[in-house]
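Student: I am new to this structure. Could you take one part and walk me through it closely, then show how it sits among other contacts?

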Amino acid sequence: MNDQIPPTLSVSLARGLLSRRTLMIGAAGLGVTTLAACGSKGRSPSASGGTSASAKSAQDMSASEKLVNWSNWPEYIDVDDKTQKRPTLEAFTKQTGIKVNYTEDYNDNDEFYAKVRPLLAAGNDTGRDVWCSTDWMVARLIRQGYVQKLDLANIPNHGNVEDSLKNVEFDPGRVYSLPWQSGFAGIAYNPKATGGKKVETVDQLLTDPSLKGKVTLLSEMRDSVGLVMLAMGKDITKFTDADFNAAIDEIKKAKDAGQLRGFTGNEYTKPLAAGDIAACIAWTGDVVQLQAENPSLGYVLPQTGCTLWSDNFVIPAMAKHKKNAETLINYYYDPKVMAQVVDYVNYIAPVKGSKEVLVKEDPSVAKNQLIFPDPQTLSRAHVFRGLTPAEETKYSAKWAELTAS
């Protein structure tokens with residue numbers, strides 16, 4: 001199978017793959033983080049404490065208040081380009097009578113966590129009934145007792161979740177979460193800056209002298225360290241301290257040798273397009289967006305493995321409209337509804353049957369391996385295992401030291 005993204009893309013596909021991370025970081029006008037500066041927060045984790053606890057529940061007002069408050073990442077749902085309304089939300093309200101207060105205030109996992117944690121820790125309502133957190137943050141929220149178990153009787157469509165996403169390490173059996181969208185981290189390169197050479201391995205990124213000083217890694221620890229561990233033959237679903245430290249040492253060697261230009265969030269996009277960055281670890285959506293204007297850019301999922309992340313529905317403790325939130329989640333697990341969302345955002349679809357809908361309605365999206373990956377592609381995708389509080393503190397400190405000095 002050819003992993004490189006096709007050189008030509010439809011306008012709708014490029015629009016849909018406009019990464020929510022690019023929008024937020026690009027809007028802030030950030031540049032590449034140099035080795036002498038602090039790493040970008042991006043999707044990076046911060047240390048957290050807390051002990052396991054049962055999530056507190058409030059009296060459910062769903063029956064008397066036809067309302068649900070949903071916080072999500074920017075540009076992460078279908079939008080009518082003419083009216084700027086959100087068709088699936090409009091249809092949900094019409095179908096159920098439940099109004100959705102949809103807020104795009106989830107710009108970063110740690111930033112959002114900092115906003116809601118004081119309320120959750122005090123046992124107070126956050127003002128939100130549901131939001132979408134990245135997998136490692138879901139693990140933290142579950143561990144700290146800040147999210148409630150889902151009542152699957154209210155989500156009969158949960159059976160439509162894709163098999164590969166049904167039983168994940170951070171939430172075995174999907175008791176507390178269900179996936180909203182997923183994506184890959186792989187390798188991007190600009191052939192004009194590499195002299196026409198393809199960059200397809202992590203080893204090339206870290207050691208190829210022709211790329212010296214023109215390589216960036218992601219400031220997101222789980223993706224950068226994860227890809228390096230995979231290239232070293234390690235299993236990122238059950239690695240040891242020694243495995244993690246060995247990957248850190250490999251990255252440090254590359255850094256000390258001057259191979260790396262820096263560590264970035266997804267502000268690598270403009271320098272990559274301009275050729276200032278020759279090759280980097282990158283997220284799928286960012287590169288496809290760039291390819292709309294620069295189709296020569298390359299992107300591969302390494303044969304040694306790539307990382308797979310997901311953003312997931314969770315219902316916080318003390319949510320006032322839990323059943324309404326579960327009704328909303330159930331609605332989006334209808335294949336026709338999820339197909340409408342995926343056709344716009346173009347991330348990995350978590351719902352069985354969505355592809356069959358799009359085969360008829362938008363074949364170019366249905367055929368894209370980055371949206372509907374086949375078993376061969378998924379076999380190389382791995383989720384970085386959940387960390388204990390002690391591990392998160394220890395690993396984050398090592399990563400911060402490496403990226404900041």
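Tutor: What follows starts at one buried acidic residue and then moves on to ring pairs, salt bridges and one helix.

Keep in mind that this is a predicted model.

Start with Asp129. This residue sits in the loop between α4 (109-121) and β3 (130-134). Asp129 is buried, yet it has no salt bridge. Which side chain of opposite charge is nearest? That is Lys320, 8.4 Å away. A salt bridge needs a side-chain nitrogen within 4 Å of a carboxyl oxygen, so this pair does not count as one.

What does the side chain of Asp129 reach instead? One partner is the backbone nitrogen of Asn69, at 2.8 Å. Another is the backbone nitrogen of His321, which lies 3.0 Å from a polar atom of the Asp129 side chain. Residues up to four places away in sequence aside, Asp129 touches Leu67, Val68, Asn69, Val314, Ile315, Pro316, Ala319, Lys320, His321 and Ala325.

Now the rings. The structure holds 19 aromatic pairs. One of them joins Trp180 and Phe313. Their geometry is edge-to-face, with 5.3 Å centre to centre and 65° between the planes. Trp180 belongs to strand β4 (residues 178-189) and Phe313 to strand β9 (residues 306-314), so the pair ties together parts that are 133 residues apart in sequence. Both Trp180 and Phe313 are buried.

A second pair is formed by Phe239 and Phe384. This one is tilted: 4.9 Å centre to centre, 55° between the planes. Phe239 lies in the loop between α8 (221-231) and α9 (241-256), and Phe384 in the loop between β10 (381-382) and α17 (389-404), so parts 145 residues apart in sequence are tied together. Phe239 counts as buried at 4% relative accessibility. Phe384 is buried too, at 9%.

Ring pairs also build a cluster. Its members are Trp70, Tyr76, Phe92, Tyr102, Trp180, Trp309, Phe313, Tyr331, Tyr332 and Tyr347. Trp180 and Phe313 from above are therefore part of this cluster.

Next, charges that do pair up. The count comes to 14 salt bridges. In one, Lys115 meets Asp105 at 4.0 Å, N to O. Lys115 lies in helix α4 and Asp105 in the loop between β2 (99-103) and α4, so the pair ties together parts that are ten residues apart in sequence. Lys115 is partly exposed at 38% relative accessibility, while Asp105 is buried at 15%. Asp105, Lys115 and Arg128 are linked in a network of salt bridges.

Another salt bridge joins Lys253 and Glu250, with the closest N and O atoms 3.3 Å apart. Both residues lie in helix α9, three residues apart, about one turn of the helix. Lys253 is exposed at 54% relative accessibility. Glu250 is partly exposed at 29%.

Finish with helix α14 (residues 354-361). Ser354, Val357 and Leu358 are buried there. Seen down the axis of α14, the buried residues fall within an arc of 90°, so they line one face of the helix. Their cover includes α13 (335-345) and α15 (363-366).

Just past that, Lys367 lies in the loop between α15 and α16 (375-378). Lys367 is exposed, with a relative accessible area of 67%. Its C-alpha atom is separated from that of Lys355 by 8.5 Å, and the two are twelve residues apart along the chain.

Note on methods
Residues numbered from 1 in each chain as written. Predicted model: local features only at pLDDT ≥ 70, side-chain atom pairs only at ≥ 80, totals over all residues. Heavy atoms only, no water. Buried < 20%, exposed > 50% of the residue type's maximum accessible area, 1.4 Å probe, protein only. Helix = DSSP H or I, 4+ residues; strand = E, 2+ residues; numbered from the N terminus. Arc of directions from axis to C-beta. Contact = heavy atoms within 4.5 Å. Lys, Arg positive; Asp, Glu negative; His and termini not counted. Polar contact = N/O pair within 3.5 Å; in protein donor to acceptor, adjacent residues only side chain to side chain. Phe/Tyr/Trp six-rings, centres within 6.5 Å; stacked < 30°, edge-to-face > 60°.
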